[in-house]
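Hi,

Here is the structure I said I'd pass on. Have a look at it first, and my notes on what turned up follow underneath.

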Amino acid sequence: MNFVTVKESHYLADLSVLKSRLESEGIECRLKNELTTQVMNHIPSFTVELQVPESEVERVREIL
């Protein structure tokens with residue numbers, strides 16, 4: 001299964017709320033770079049990426 005990034009943020013909390021919302025709709029999600037940004041949050045080039053299965057992208061855009 002291929003995952004694609006639908007949203008990026010420098011703040012984990014922003015995407016955690018969206019992830020919960022999508023999971024409540026039955027959509028599998030993951031946060032790429034979640035731990036990296038927690039450890040290296042002083043480096044602005046690191047972002048957390050909310051990723052969903054490629055087959056769910058259209059449905060996710062409707063929800064977001």
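A quick word on pLDDT before anything else: it is the predictor's confidence in each residue, on a scale from 0 to 100. You'll want it because this is a predicted model. The protein chain has a mean pLDDT of 87, with 84% of its residues at 70 or more. Confidence is highest in β3, at a mean of 95, and lowest in helix α2 (residues 34-39), where the mean drops to 67.

Now the sheet. It is open, has 3 strands in the order β1-β3-β2, and the pairing is antiparallel. The edges are taken by β1 (3-9) and β2 (30-32); each has a single partner strand, so one side of each has no neighbour in the sheet. From one strand to the next, the twist averages 35 degrees. Between β1 and β3 (residues 48-53) there are 6 bridges, in the antiparallel sense, and S9 has V48 in β3 as its bridge partner. Helix α1 (residues 12-24) packs on this sheet and touches β1, β2 and β3, with its direction at about 15 degrees to that of β3.

One residue I followed up is E8, which is in strand β1. What does E8 touch, leaving aside its neighbours within four places in sequence? The contacts are L15, T47, V48 and E49. With T47 there is also a polar contact, side chain to side chain, at 3.4 Å. E8 and Q51 are 43 residues apart in sequence, while their C-alpha atoms are 9.1 Å apart in space.

Last, the rings. How many aromatic pairs are there? The count is 0, taking ring centres within 6.5 Å as the cut-off for a pair. There is a charge over a ring, though: R30 lies over the face of F3, 3.9 Å from the ring centre.

Shout if you have questions.

Cheers

How values were computed
Residues numbered from 1 in each chain as written. Predicted model: local features only at pLDDT ≥ 70, side-chain atom pairs only at ≥ 80, totals over all residues. Heavy atoms only, no water. Phe/Tyr/Trp six-rings, centres within 6.5 Å; stacked < 30°, edge-to-face > 60°. Lys NZ or Arg CZ within 6 Å of the ring centre and 35° of its normal. Pairing = 2+ DSSP bridges. Helix = DSSP H or I, 4+ residues; strand = E, 2+ residues; numbered from the N terminus. Axes fitted to C-alpha atoms, helices over the stretch in contact; angles between N-to-C directions. Contact = heavy atoms within 4.5 Å. Polar contact = N/O pair within 3.5 Å; in protein donor to acceptor, adjacent residues only side chain to side chain.
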